[in-house]
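Visitor: Please bring up the model. I would like to go through its empty spaces and its ligand site.

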Amino acid sequence: MSEIVVQTSDGVLSITINRPDKKNALTAAMYGAMADALDAGEADAAVRAIVIAGAPGAFTAGNDLQDFLNNPPQGDNSPVFRFLRGISTASKPLVAAVTGVAVGVGSTMLLHCDLVYAAESAKFSFPFVNLALVPEAASSLLLPRMVGYHKAAEMILLGEPFDAAAALACGIANAVCPDDRVVETAMATARKLAAKPPTSLRLSKQLMKQAQNDVAGQMAAEGVHFKAQLTSAEAREAMTAFFEKRPPKFG
Ligand code: COA
């Protein structure tokens, strides 16, 4: 089965990340497939809401670290940047169902979703500093705005995982559901949204997001540092240490 499964029913486009043996870590090809699905959903008037989920067990362990080591994304049209542009500019409602780990982009993409349902097993983290990287997807702007500066500093500078209850308490998630109910909860909510007047829905989302019109600029600023850090000796050490199952040593 494909590593990105795309289905449409009842006006809802669902994108399921399906690479369970690697905790749904995202390769360039997978980002490309998700970016294509978002573009197709945007262009198709029959699609009225979009759900993003992970195959059972994980939402996503974030960017594939082997890909980061071997094939670091550099161009603005690289699949990861196309995907980030897609979620950050989507005009239709995005609903996420998070089961298990949501690491790195697994957590930053949620800041662009309109509604986020977390399973009891969900574990969120922004481990960029631990990987000698910097935040991406405008999370350096959106997270402090969403949860407050001190909480965001704890999440980004320490990079430690936190659970569904903590995500709910700080506003990253809308609700916590039992693991076996989270996808259906997200789908049922998306179907509710799909039945609403589409123009009103699109304009209401646009108005709420309008105040965040600095997202693209922040992403560009992050991108400059992210790309440079990706090829740094610090990042190589952090990622090599992950695969060698040992603590990294800096300096
Ligand atoms: N890139 C590439 N492979 C990854 C991966 C990633 N981001 N995350 C997990 N994997 C692989 C592991 O190498 C392992 O592969 P193997 O079975 O061939 O050894 C497999 O997925 C299962 O991962 P494992 O670490 O054994 O699972 P776990 O439940 O103990 O831990 C995580 C899950 C997500 C906490 C842990 O895998 C992790 O920290 N991954 C890295 C996350 C990360 O830093 N992402 C980048 C963010 S920018």
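Visitor: Which helices each supply at least two residues of the lining of the largest cavity?

Guide: Keep in mind that this model is predicted. The structure holds one cavity of 30 Å³ or more. Its lining takes at least two residues from each of two helices, α3 (79-89) and α10 (215-230).

Visitor: Where does the largest share of that lining come from?

Guide: The largest cavity has 15 lining residues. Val-80, Phe-81, Leu-84, Glu-136 and Phe-226 lie nearest its centre. The largest share is six residues, and the helix that gives them is α10.

Visitor: How much space lies in the largest cavity?

Guide: Look at the walls before the volume. The lining divides into 10 nonpolar, two polar and three charged residues. The space they enclose in the largest cavity is about 140 Å³.

Visitor: Now the ligand. Where does the ligand sit?

Guide: The shell around the ligand has nine nonpolar, one polar and five charged residues. Of these 15 residues, Lys-22, Lys-23, Ala-61, Asn-63 and Leu-65 come nearest. The ligand's site is the largest pocket.

Visitor: How much of the ligand's accessible area does the protein cover?

Guide: Start with the polar contacts, counted within 3.5 Å. A polar side-chain atom of Lys-23 is 3.4 Å from a ligand oxygen. Polar backbone atoms lie 3.0 Å from a ligand nitrogen at Asn-63 and 2.8 Å from a ligand nitrogen at Leu-65. On its own the ligand has 870 Å² of accessible area, and the share covered by the protein is 66%.

Methods. Residues numbered from 1 in each chain as written. Predicted model: local features only at pLDDT ≥ 70, side-chain atom pairs only at ≥ 80, totals over all residues. Heavy atoms only, no water. Near = heavy atom within 4 Å. Polar contact = N/O pair within 3.5 Å; in protein donor to acceptor, adjacent residues only side chain to side chain. Areas by Shrake-Rupley, 256 points an atom, 1.4 Å probe, with all protein chains shown as cover. 1 Å grid on protein atoms, 1.4 Å probe; cavity = no way out; pocket = protein on both sides within 12 Å on 5 of 7 lines; lining within 4 Å. Sits in = over half its atoms within 2 Å of the grid points. Nonpolar A, V, L, I, M, F, W, Y, C, P; charged D, E, K, R; others polar. Points joined across faces, edges and corners; volume = space filled by probe spheres on them. Helix = DSSP H or I, 4+ residues; strand = E, 2+ residues; numbered from the N terminus.
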